[in-house]
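Please take a moment with the sequence and the model before reading on. The paragraphs after them are meant to be read with both in view.

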Amino acid sequence: MAHASDDTARLLAVCVGQPREASWQGERLRTSFFKSRVPGRLAADALGLAGDSQTDRSVHGGVDKAVYAYTEESAAYWREQLSRSDLDPGAFGENLRIRGWPEATVCIGDRFRVGTACLEVSQPRQPCSKLAMRFDDAGFPKRFIKSHRVGYYLRVVEPGELGAGDRVERVFHDAESLDIERVVALWLDRAASEPDLARAVALPALADAWKLPLRDRLDAARR
């Protein structure tokens with residue numbers, strides 16, 4: 001497992017996007033999913049990166065989804081699985097393409113120093129139809145989450161500036177927390193045990209988008 005002292009973990013690219021028109025399954029829609037790499041350093045605050053936008057704020061953006069990170073290792077996995085060479089930074093709608101810190105090593109509540117900003121892991125990514133549109137495959141979101149290679153959302157707990165080449169240094173880790181891979185596995189396991197569900201629900205840093213449905217499942221299991 002990677003450690004906070006691991007200086008090989010780096011921010012490879014910063015990506016932002018603005019609303020644009022797109023077509024999917026015969027319908028026109030407006031989305032900010034398409035992100036492009038930007039040069040230089042960007043400011044990060046509680047609502048995300050300067051120059052970035054979320055079109056449908058009912059399901060995207062906000063404090064718990066201020067920044068979305070995806071690893072180069074997971075992108076490489078999909079390049080091989082899909083026989084695609086075009087999965088450059090931004091391909092998964094991510095803001096940050098990171099080398100290092102895969103899902104199995106990153107826990108809910110972990111904090112990372114990137115540039116002068118401090119980011120806190122809030123939840124795994126739950127794929128939606130925009131990912132299906134991007135890969136022109138209606139079944140891809142299900143395949144994506146089953147892989148557990150979903151990336152993770154981060155809160156900006158200390159505003160600052162970040163840019164490609166910055167170290168991604170873990171500065172806080174709770175060994176009692178659950179890693180991203182485990183949370184996704186729990187989400188997919190409809191027969192998950194009460195103790196496992198209770199442990200996830202008790203995580204103070206887990207965003208409500210994941211915590212509340214898991215709490216409902218826990219309540220149902222206890223009845």
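What follows is a walk through this model, which is a predicted one, going from packed helices to single residues and ending with the cysteines.

A useful place to begin is the way helices lie against one another. Two packed helices are described by the angle between their axes and the distance between the axes. Helix α4, which covers residues 180-188, packs against helix α6, which covers residues 208-222, and their axes are 11 Å apart and make an angle of about 45°. Since angles from 35 up to 65 degrees fall outside both the roughly parallel and the roughly perpendicular ranges, α4 and α6 are therefore oblique to each other. The crossing in which α4 passes α6 is left-handed. On the α4 side the residues that take part are V183, V184, L186 and W187, and they meet A209, W210, P213, L214 and R217 on the α6 side. Sorted by character, the residues of this contact between α4 and α6 comprise 8 nonpolar and 1 charged, with no polar residue among them.

Helix α6 has a second partner in helix α5, which spans residues 194-201; here the two axes come within 9 Å and cross at roughly 145°. This crossing of α5 and α6 is left-handed. From α5 the contact draws on E194, L197, A198, A200 and V201, while α6 contributes K211, L214, R215, R217, L218, A221 and R222. The residues of this contact of α5 with α6 divide into 7 nonpolar and 5 charged, again with no polar ones. L214 and R217 of α6 appear in the contact with α4 and also in the contact with α5.

From the helices one can turn to residues in the loops. V150 lies in the loop between α3 and β11, and with a relative accessible area of 0%, under the 20% cut-off, V150 counts as buried. Leaving aside neighbours within four places in sequence, V150 is in contact with Y68, Y70, E103, P124, R125, F144, I145, I180 and V184. One of these partners, I180, is 30 residues away from V150 along the chain, and the C-alpha atoms of the two are separated by 8.5 Å. Another partner, V184, is one of the α4 residues that meet α6, and this links the surroundings of V150 to the helix packing described above.

F92, found in the loop between α1 and β8 (96-99), is likewise buried, with a relative accessible area of 0%. Beyond residues up to four places away in sequence, F92 touches F33, Y68, Y70, A75, W78, L87, R97, R125, L131, F135 and F144. Y68, Y70, R125 and F144 are among the residues touched by F92, and they are also among those in contact with V150.

Two further residues bring together parts of the chain that lie apart in sequence. Y77 sits in helix α1, residues 72-82, and is partly exposed, with a relative accessible area of 26%. Not counting residues up to four places away in sequence, Y77 touches S147 and R149, and the C-alpha atoms of Y77 and R149, which are 72 residues apart along the chain, are separated by 8.8 Å. T116, in the loop between β9 (111-114) and β10 (117-124), is in contact with E158, P159, G160 and E161 once its neighbours within four places in sequence are left aside.

The backbone also deserves a look at two points. Q25 has a positive phi of about 50° although it is not a glycine; Q25 is placed in the loop between β2 (20-24) and β3 (27-31) and, at 60% relative accessibility, counts as exposed. H148, also not a glycine, has a positive phi of about 70°, and H148 is placed in the loop between α3 (140-146) and β11 (152-158).

How many disulfides does the structure hold? The structure holds 0 disulfides. For C107, the closest cysteine sulfur is that of C118, and because the distance is 16 Å it is too far for a bond. C107 counts as buried, at 8% relative accessibility. C128 is in no disulfide either, the nearest cysteine sulfur being that of C15, 17 Å away, and C128 is partly exposed, with a relative accessible area of 25%.

How values were computed: Residues numbered from 1 in each chain as written. Predicted model: local features only at pLDDT ≥ 70, side-chain atom pairs only at ≥ 80, totals over all residues. Heavy atoms only, no water. Axes fitted to C-alpha atoms, helices over the stretch in contact; angles between N-to-C directions. Helix = DSSP H or I, 4+ residues; strand = E, 2+ residues; numbered from the N terminus. Parallel < 35°, antiparallel > 145°, perpendicular 65-115°, else oblique. Left-handed = near helix turned anticlockwise from the far one by under 90°. Contact = heavy atoms within 4.5 Å. Nonpolar A, V, L, I, M, F, W, Y, C, P; charged D, E, K, R; others polar. Disulfide = S-S within 2.5 Å. Buried < 20%, exposed > 50% of the residue type's maximum accessible area, 1.4 Å probe, protein only.
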